[in-house]
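This report describes selected features of the structure shown below. It treats strand pairing, the nonpolar core and the disulfides in turn.

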Amino acid sequence: MKLQRMNRRALALGALAVSGALALTACGSDETGNPGGGSSNAAAPSNIKCDDASGQVLADGSSAQKNAVDAWVKQFSAACKVEINYKAGGSGAGVTAFTQGQVPWAGSDSALKPDEVEASKKVCSGGQGIDLPMVGGPIAVGYNVPGVDKLVLDASTIAKIFDSKITNWNDPAIAKLNPDAKLPNLKIQAFHRSDESGTTDNFTKYLIATAKKDFPYEGGKAWQAKGGQSAPQSSGVAAQVKQTAGAIGYFELSYAKDGIKTVAIDTGAAQPVEATVPNATKAIADAKVVGTGKDMALQLNYGTKADGAYPMVLVTYEIVCDKGNKADTLPAVKAFLRYAASEDGQKILAENDYAPMPEEIITKVRTTVESLS
């Protein structure tokens with residue numbers, strides 16, 4: 001598949017090692033620290049096209065893509081005289097900020113809903129908000145169970161854990177999936193997002209699609225299941241999992257650092273599937289474009305049972321006006337999104353535990369970026 005070839009090429013071409021620890025200066029940001037990314041003294045790509053971009057751009061949204069945005073900003077700001085301040089306040093906050101005209105672009109792990117598109121028309125003069133898929137990757141289920149280095153769960157068991165129906169790590173349902181593990185008599189501490197989150201939306205879409213009777217909720221950006229504990233942003237959930245014995249939580253693979261172990265999912269395939277970028281790309285490759293016009297919203301196949309396909313994936317969209325962008329920020333936004341969608345920008349993703357977009361999708365994204373006005 002094109003995406004797999006692209007990903008292998010991205011992994012092989014490691015010329016641009018990037019730092020995921022860039023400190024952004026957005027006021028009020030509660031997304032602190034950067035558990036993903038490497039370090040490098042590499043110079044910025046010389047082919048970044050700045051045009052007339054200058055000044056400062058404020059943006060908000062998905063914390064799922066924060067490590068990717070950090071890496072993009074590091075390279076882009078070194079080449080262009082633009083300061084990109086991305087406040088990773090969550091997808092819900094980003095969409096609200098965009099539809100209220102507070103930011104010229106936002107990141108969201110869920111495509112715009114019809115009412116959000118309608119609201120965007122008030123700030124996009126003569127146009128509307130559109131979804132540009134730019135970042136992909138697996139949603140990892142991280143856990144902290146002393147003495148358990150490998151853990152397999154299926155959709156039904158995950159659903160019951162996060163709905164407080166399974167409350168102890170030595171529960172028979174978990175033991176059946178892990179016959180060789182020494183599961184302790186330890187209370188499960190399930191952590192979910194406290195803020196409205198596209199990560200939550202995609203995580204629950206997976207559970208609803210594959211274990212509806214065990215997770216009888218409508219889903220969405222806000223957490224709906226019973227019990228559990230909450231933390232803000234992906235970094236907050238990951239921090240709680242790391243420091244709490246018996247904890248389990250969901251976040252993007254780029255946050256599964258510093259010893260956080262991740263669950264392999266029994267999908268019904270020949271072997272349980274690990275949360276890796278190549279395994280996620282196999283699932284994303286099955287996505288269909290369901291947006292119309294310049295909108296590129298995707299429909300993911302959460303129920304895939306293909307060997308090696310990790311089904312719990314998300315795609316992060318950059319949301320921007322197709323027409324009617326503000327004149328003072330359009331050059332900078334357009335230049336930044338052009339770089340993010342470029343071969344160099346997409347190559348950085350795999351180096352930071354994200355999946356590049358399929359070639360046929362990212363090619364259309366590039367064309368759409370150039371048409372922004």
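## Strand β6 and its partners

In this predicted model, Phe-191 stands opposite Gln-229, a residue of β7. The two strands, β6 and β7 (residues 229–231), are paired in the parallel sense through 3 bridges. Helix α7 (residues 198–210) completes the arrangement, as β6, α7 and β7 together make a right-handed β-α-β unit.

Strand β6 also pairs with β8 (residues 247–252); these strands run parallel and are joined by 3 bridges. Within this pairing, Ala-190 has Ile-248 of β8 as its bridge partner. Of the 5 residues of β6 (residues 189–193), 5 are buried, so the strand is largely enclosed by the rest of the structure.

## The nonpolar core

The largest nonpolar core comprises 112 residues, and Phe-203 and Ile-248 are those with the most contacts inside it. Helix α10 (residues 330–341) supplies the largest share of this core, with 9 residues.

Ile-248 is thus named both among the core residues with the most contacts and as the bridge partner of Ala-190. For Phe-203, when neighbours within four places in sequence are set aside, the contacts are Ile-139, Val-141, Ile-158, Phe-162, Trp-223, Tyr-250 and Met-312.

## Disulfides

How many disulfides does a search of the whole structure find? The search finds 2, and with bonded cysteines counted along the chain they follow the pattern 1-2, 3-4.

One disulfide joins Cys-50 to Cys-80, with an S to S distance of 2.0 Å. This pair links distant parts of the chain, 30 residues apart: Cys-50 lies in the loop between α1 (2–12) and β1 (55–61), and Cys-80 in the loop between α2 (66–79) and β2 (82–87). The torsion about the S-S bond of Cys-50 and Cys-80 is about -85°, and the disulfide is therefore left-handed. Cys-50 is buried at a relative accessible area of 18%, and Cys-80 is likewise buried, at 3% relative accessibility.

Cys-124 and Cys-321 form a disulfide in which the sulfur atoms are 1.9 Å apart. Here too the pair links distant parts of the chain, 197 residues apart, with Cys-124 in the loop between α4 (114–120) and β4 (129–144) and Cys-321 in strand β13 (residues 313–321). A torsion of about -75° about the S-S bond of Cys-124 and Cys-321 makes this disulfide left-handed. Cys-124 counts as buried at 0% relative accessibility, as does Cys-321 at 5%.

How values were computed. Residues are numbered from 1 along each chain as its sequence is written. This is a predicted model: local features need pLDDT of at least 70, side-chain atom pairs count only at pLDDT 80 or more; totals for chains, interfaces and linings use all residues. Side-chain values use heavy atoms; hydrogens and water are left out. A disulfide is a pair of cysteine sulfur atoms within 2.5 Å. Helices (H or I, at least four residues) and strands (E, at least two) are DSSP runs, numbered from the N terminus. Buried means under 20% relative accessible area, exposed over 50%, partly exposed in between (1.4 Å probe, protein chains only). A nonpolar core is a set of buried Ala, Val, Leu, Ile, Met, Phe, Trp, Tyr and Cys residues joined through side-chain atoms within 4.5 Å. Contact means heavy atoms within 4.5 Å. Two strands pair if DSSP finds at least two bridges between them. A crossover is right-handed if, with the strands pointing away from the viewer, the path from the first strand over the helix to the second runs clockwise.
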